[in-house]
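Visitor: I am new to reading protein models, and I would like to go through this one slowly, question by question. Could you take me through it?

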Amino acid sequence: MKKSPLFSLAVFILLLAIGLLISVTFGGNTVSTYRFDRSRAYTDVEMQLSFGPRTPGSQAHQKTINYILEQAQNAGWQVELHQTQRMGHPITNVIAKRPNPNMKQIIIGAHFDSRFYSDQDSNPANYNQPVPGANDGASGVAVLLELSRSLPPNLPCEIWLVFFDAEDQGNIPGWDWILGSRAFVEEIPINPAAVVIVDMIGDADLNIYLERNSNPQLASQIWETARNLGYEQYFIPQYKYSILDDHTPFLEKGYPAVDVIDFDYPYWHTTQDTLDKVSAESLGIVGETIHAWLTTYD
Ligand SMILES: [Zn+2]
């Protein structure tokens, strides 16, 4: 019997169909139906910016604490304030928990303060202005808040979303970097299996490189998750910067921690770190990646 071209085409289509069926059925963790609500997260950024710069001690700073509390409580999380002081300054970290005793603890963190001074501004006249912090501050908070609304309640781990105070005041007399996360690690009993910090992840031009101090295994899990979602152009699997950030105190205590940060941001610590630099799509890319990593964590 001579194979007709039509017959081999039919066989080809049949094989293709079977292949597609198999990949849809068994490629479970690459096929995700979840979509991070980008516009709701963007609204969280807008809301924080509407309060004004969230510099420690300001009204905008207190309003942000209240907003985080209210949003996370409405989403059904158990919320606590960790209030302490460092270098004579009051510190308030906001902790949203989903208690799940005897399960592995996972901490997702972001800082909510904005910097007192725009000391990287190209115009020295702006050095004394606070940083608006649309990307540096508000974007990470927005991703955590949208995760609080959308994470399934029955995950087999104990998730803490921690909103850190006083991350961004280093190189200012009487202050230092990462005061809030240091105080948290020193004073709150924890034993996290993984810590993921998100910072400056709202840039419309999103390039998140591997950060050199981060735990390599944990980082590769997250970058791999992003790749499976089709986000490899944003989560670039190459090392670039070494960053001091809220992951540092956790690493110093021996906990696996990773900093998800896009440090290629020309508006860093300038008065130009404004709402128009942040894109809802970037919040979505990072939010979906963290969501997918958490929901497949074992
Ligand atoms: Zn900063």
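Visitor: Which residues of helix H2 are buried?

Guide: This is a predicted model, and a residue in it counts as buried if 20 or more other C-beta atoms lie within 10 Å of its own. Around the axis of H2 the buried residues cover an arc of only 145 degrees, which puts them on the same side of the helix. An α-helix has 3.6 residues a turn, so residues three or four places apart point the same way. The buried residues of H2 are Ala41, Tyr42, Asp44, Val45, Gln48 and Leu49.

Visitor: Which residues are exposed on the other side of H2, and what covers the buried ones?

Guide: On the other side of H2 the exposed residues are Ser39 and Ser50. The buried residues of H2 have a cover that includes three helices, namely H3 (59–74), H4 (134–150) and H8 (280–295).

Visitor: How far apart are the end C-alpha atoms of H2?

Guide: Helix H2 takes in the 14 residues 38–51, and at 1.5 Å a residue it should span 20 Å. After the helix comes glycine 52, whose phi is positive, near 105 degrees. The expected span agrees with the distance between the end C-alpha atoms of H2, which is 21 Å.

Visitor: Which strands stand at the edges of the open sheet of 6 strands?

Guide: The order of the strands in this open sheet is S1-S2-S4-S3-S5-S8, and their pairing is mixed. A strand at the edge has a single partner strand, so one side of it is left without a neighbour in the sheet. Neighbouring strands of this sheet are turned against each other by 20 degrees on average, direction ignored. The strands at the edges are S1 (78–86) and S8 (257–261).

Visitor: In which sense, parallel or antiparallel, do S2 and S4 pair?

Guide: Strands of a sheet pair through backbone hydrogen bonds, either parallel or antiparallel. Between S2 and S4 there are 5 bridges, and lysine 97 stands opposite tryptophan 160 in S4. The sense in which S2 and S4 pair is antiparallel.

Visitor: What is the bridge partner of isoleucine 107 in S4, and what is the handedness of the crossover from S3 to S4?

Guide: Strands S3 and S4 run parallel and are joined by 7 bridges. The bridge partner of isoleucine 107 in S4 is tryptophan 160. From S3 the chain passes through H4 to S4, and this β-α-β crossover is right-handed.

Visitor: Which residue in S8 stands opposite isoleucine 197?

Guide: Strand S5, residues 192–199, pairs with S8 in the parallel sense, over 5 bridges. The residue in S8 that stands opposite isoleucine 197 is aspartate 259.

Visitor: At about what angle to S2 does H3 run?

Guide: Helix H3 lies across S1, strand S2 (89–98) and strand S4 (158–164). Of these strands, S4 is mostly covered, with 6 of its 7 residues buried. The angle at which H3 runs to S2 is about 10 degrees.

Visitor: How many of the 9 residues of helix H5 are buried?

Guide: The buried residues of H5 pack against S1, S2, strand S3 (105–111), S4 and helix H7 (248–252). Among these buried residues are Leu179, Arg182 and Phe184. Helix H5, residues 179–187, is mostly covered, and the number of its residues that are buried is 7.

Note on methods:
Residues numbered from 1 in each chain as written. Predicted model: local features only at pLDDT ≥ 70, side-chain atom pairs only at ≥ 80, totals over all residues. Helix = DSSP H or I, 4+ residues; strand = E, 2+ residues; numbered from the N terminus. Expected span 1.5 Å × (residues − 1). Buried ≥ 20, exposed ≤ 12 C-beta atoms within 10 Å, placed from the backbone. Arc of directions from axis to C-beta. Contact = placed C-beta atoms within 7 Å. Pairing = 2+ DSSP bridges. Axes fitted to C-alpha atoms, helices over the stretch in contact; angles between N-to-C directions. Right-handed = clockwise from strand over helix to strand, strands pointing away.
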